Amino acid sequence: MLPYDSLEGAELALGRNLTVAERLWFNYSAHKSDYILYTHNWLFLFLVFSLVPLPWALVELYWFDAVNRFKLQPRVKRSFRELFKCYKDVLHQLIFVVVPLIVVSFPALEWVGIRTSLPLPTKWEVISQLIVYFLVEDYTNYWIHRFLHSEWGYEKIHYMHHEYNAPIGFAAPYAHWAEILVLGIPTFLGPAMVPCHMTTLWLWSSLRQVESIETHSGYNFPWSPTKLIPFYGGPEYHDFHHFVGRQCQSNFASIFTYCDYLYGTDKGYRRHKQAVKKVFLIKKVFSL
């Protein structure tokens, strides 16, 4: 809850006029507790999970033949029943695992210093914080993911996420409840290390979910803007991990490729790429 009784009081405290965004934030949040604002995360996660995978789902259902060449595993085509079942399964986990986690984690949020007050963060503050969060998330997630591919981790927990060996966007958060809890640590660790404004936390949670959905989309569109991001793994990189499945000891990173490169866990993927390239060249020679 903001410590100002009015817009004029906020401007007097800041010693300047409020920006349009700050006025909107004041009008929305002035009489809401920090706890209520934090629980908005559930709403944003629900909206992102429900809406962002839809374009890929529509492509899968209605325009599959037109974009078949961009499908990473073209022999696998999901029906509406399969897509809707995945959506319902994940929605169940969001309601009964993620929502309680958000509810009980508010004291930790207060402890690390996530703020709701004015002024709002600057554009460069938000960008720099998001870069840190993505790097921290990627590095921490890499090691947790490697542990989940141990014999115990896979058999007890991670097997569920790999039920979709040809991933789809709706399956990005499809996982065992214990995996959802454990993988919440990398997501929260960045904001804990570099505290931010509540609006930045909302944005970070949403962007992380969007990235995961694209990575699990099953399509490698050449026009995707994420291809401009240095060291970004993307759908093709992660799809290989799902395709190999339980035996996969490659491509553990969730976002970027540098951890797999530094720790030598991209060798299987690189050999696969070389083999595919050789087959392509052989077919091209014989077709001449």
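Hi everyone, this is a short talk about the largest pocket in a predicted model and two helices that help line it.

Some housekeeping. Residues are numbered from 1 along each chain as its sequence is written. Local features need pLDDT of at least 70, side-chain atom pairs count only at pLDDT 80 or more, totals for chains, interfaces and linings use all residues, and side-chain values use heavy atoms, without hydrogens and water.

So, the pocket: an open set of points on a 1 Å grid over the protein atoms alone, where a 1.4 Å probe fits, with protein on both sides within 12 Å along at least five of seven lines. The largest one has a volume of about 1000 Å³, counted as the space filled by probe spheres set on the points. Lining it are 42 residues (an atom within 4 Å of a point), and I180, L183, G184, T187 and Q209 are the closest to its centre.

Which helix gives the largest share of the lining? That's α12, with eight residues. Helices here are DSSP runs of H or I, at least four residues, numbered from the N terminus. Among the others supplying at least two residues are α8 (123–148) and α10 (177–182). By type, the lining has 22 nonpolar, 16 polar (Gly counts here) and four charged residues.

Now α8 and α12: their axes, lines fitted to C-alpha atoms over the stretch in contact, come within 11 Å and cross at roughly 45°. That makes the pair oblique, because 45° is not under 35, over 145 or in the 65 to 115 range.

Finally, UniProt lists residues 131–265 as "domain: Fatty acid hydroxylase", in an unreviewed entry; annotations may be inferred rather than shown by experiment. That stretch is 55% helix. Thanks!

Note on methods. Axes fitted to C-alpha atoms, helices over the stretch in contact; angles between N-to-C directions.
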